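Colleague: I've just opened this one and I'm new to it. Can you walk me through the charged pairs?

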Amino acid sequence: MVAVRVEGADVLLVRLEGGEVRAYDNRCPHAGSPLSEGRLYAATLTCATHLWEFDARTGDGINPRGCKLRRHPVHVVDGVVRVRLG
């Protein structure tokens, strides 16, 4: 995973097993901490601040449930990752 700036917004890019790429706001919905400071293990993204966990494939909260990361559409063309903010 890597933090990038897209049109002035902080975005987290996550490469999943199999090479698929997801893009999310680079902040935890709990306290706004940068998710890029956390860790990615398999498909679980963990926030470093309070250890909230998210499914990196969907952005859904694992612990706690009921929260969700804001996801952005991604297209990879010739190895270039293109993120559309929405």
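**Charged pairs and confidence**

Modeller: Sure, starting with Asp 10: it is partly exposed, at 42% relative accessible area (buried is under 20%, exposed over 50%, partly exposed in between, with a 1.4 Å probe and protein chains only). This is a predicted model, where local features need pLDDT of at least 70, side-chain atom pairs count only at pLDDT 80 or more, and totals for chains, interfaces and linings use all residues. Residues are numbered from 1 along each chain as its sequence is written, and side-chain values use heavy atoms, leaving out hydrogens and water.

Colleague: Which side chain does Asp 10 meet in a salt bridge?

Modeller: Arg 5, at 2.7 Å from N to O. A salt bridge here is a side-chain nitrogen of Lys or Arg within 4 Å of a carboxyl oxygen of Asp or Glu. Arg 5 is exposed, at 56%.

Colleague: How many salt bridges in the whole structure?

Modeller: Six. One of them joins Arg 70 and Asp 25, at 3.8 Å. Arg 70 is in the loop between β7 (61-63) and β8 (71-72) and Asp 25 in strand β3 (residues 21-25), so the pair ties together parts 45 residues apart in sequence. Strands are DSSP runs of E, at least two residues, numbered from the N terminus.

Colleague: Is Asp 25 buried or exposed?

Modeller: Buried, at 9%, while Arg 70 is partly exposed, at 44%. Asp 25, Arg 70 and Arg 27 are linked in a salt-bridge network.

Colleague: New topic: what pLDDT does the chain average?

Modeller: 95, with 100% of residues scoring at least 70; pLDDT is the predictor's confidence in each residue, from 0 to 100.

Technical notes. Helix = DSSP H or I, 4+ residues; strand = E, 2+ residues; numbered from the N terminus.
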